[in-house]
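Biologist: I'm new to reading structures, and I'd love some help with the vocabulary. Could we look at one together?

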Amino acid sequence: MHESPSSATETAAAETVAAAPAQPDDTARNRRVIGLLIVAAFTVILNETILSVALPNIMGDLRIVETTAQWLQTAFMLTMAIVIPTTGFLLQRLTTRTVFLLAMGLFTAGTAISALSPGFTPLLLGRIVQASGTAIMMPLLMTTVLNLVPPHRRGAVMGNISIVISVAPAIGPTISGLVLQVAPWRFLFLVVLPIAALMLAAGARWVENVSETSRTRIDLVSVILSAFGFGGLIYGLGTIAAPRADGSLPVAPVIALVIGVLALAVFIRRQLQLQRTDSALLDLRTFTYSRFRLSLIVMILAMGAMFGVIILLPMFLQRALGYETLQVGLMLLPGGLLMGLLSRSVGRAYDTVGPRPLVIPGAILLAASLLALSRISLDTGTLYVLTAHIVMSLGLALLFTPLFTTALGTLPPHLYSHGSAAVGTLQQVAAGAGTALMVMLMALRSAAAANSGAEPAEALTAGVGFALLVAGCAALLALIPASMLTANPSASEEQAAH
């Protein structure tokens, strides 16, 4: 058969695009922009967990009860969940430089407010402002990397991003414990403040515009629905905690969860309508890509398990075994450092072998470590807990880089910002859901053990062990979607798909 002139021209053009080398990402400008974004993102993400062991100090200094102090963590996650869905619009409408200055400006201002706060209300306000900047920074980083780095190099660069996403929250309690040994809690912010100000100044000097903007309009109805939907879920999950003594659940968190689910259903329906005209606040066509969906399922299970362990393991070590805050922080430090050291190597391996050879062993190691931790007792030694935590960290290191790279790398360029926003939002939901579920399971099992005559330390140990057992079973379930992840597409296949 003879091709028409137009068909031949289109074929030649397609072949030219497929054969053309990827745009180089090793220019000084691109390296500088990505480097600044990674350091800035690490700084802001660190604050998500840095107050986890400082709440008793804050409670004593500000004379507030535990339920009030917990709002410093809950409000941070709540703000993240509300702001992140809007970042898809921000990244399309504003330049890279503008979004960076907005994110770091908010974070720096929030850090200053928190450091100088004379009471609880200003401190809470500072945490909310901090969270607003944090919520913008991570999608900005991931979208910029996807735009600047060619597919065959993304694994290595995403390895650095995994350091931000997984290591920063893991070592937050360690840094907090070290600082609190020698200084009041306000120094947790005073130490970060000059670093944040330096990053803001460096960004104003060196971050350049590396993305194209579009004149998209924001749908205010979607913003409101998103706030009630994701905000309701995070608030409900973050405060539902344990049932009351009579077995009933607290009323306010249940109402928040119901409102969140209903608002989220309406939000999804509206986005499906708006994306037909490319005007959705959060374009859900990202979920039509199977590699994106499968990666997110495994990521949600792993993230929920990680945040649950971050809460429960220190609780067991401090309340059951009598460890000091600094001892707990130092015990969790090797695992966090291991994730950081391995992330780039895992990224390079991903560029060579693809996701499945890394994700499946990672899920197995994560499940094995959680099941091992579920067997803890009052006679458990330090070496046992330390070894299990290191194995868990190794599993997470094998999971996060391939999952982030696979999920976002499979999307076409016009969905990069929406994919990054979806990943960031579901991370917060997974963290909240994992923490709430594991704390609830721990509380239920502990109450049952206490009613059977167990001492408080024994009851707590039984509860923590049961929650970790359920988390280990969930990690085993992650093997199903992990085994379905396909190999990386070739450069020509990715060009054709996009």
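Biologist: Where is the place of Arg63?

Modeller: Arg63 sits in the loop between helix H3 (55-62) and helix H4 (66-69). Helices are DSSP runs of H or I with at least four residues, numbered from the N terminus. One thing to keep in mind: this is a predicted model, where local features need pLDDT of at least 70, side-chain atom pairs count only at pLDDT 80 or more, and totals for chains, interfaces and linings use all residues. Residues are numbered from 1 along each chain as its sequence is written, and side-chain values use heavy atoms, leaving out hydrogens and water.

Biologist: Why does Arg63 count as exposed?

Modeller: Its relative accessibility is 77%, and exposed means over 50%, buried under 20% and partly exposed in between (1.4 Å probe, protein chains only). So Arg63 counts as exposed.

Biologist: And why is Arg356 called partly exposed?

Modeller: Because its relative accessible area is 34%, Arg356 falls between the two limits and is partly exposed. Arg356 lies in helix H15 (residues 356-373).

Biologist: Which residues is Arg356 in contact with, leaving aside its neighbours within four places in sequence?

Modeller: Pro361, Ala482, Ser483, Leu485 and Thr486; contact means heavy atoms within 4.5 Å. The side chain of Arg356 also reaches the backbone oxygen of Leu485 at 2.8 Å.

Biologist: What is the sign of phi in Asp278?

Modeller: Positive, near 55 degrees, and Asp278 is a residue other than glycine. Most residues other than glycine have a negative phi. Asp278 is in the loop between helix H12 (251-274) and helix H13 (290-320).

Technical notes:
Helices (H or I, at least four residues) and strands (E, at least two) are DSSP runs, numbered from the N terminus. A polar contact is a pair of N or O atoms within 3.5 Å; within protein, one must be able to donate a hydrogen and the other to accept it, and residues adjacent in sequence count only if both atoms are side-chain atoms.
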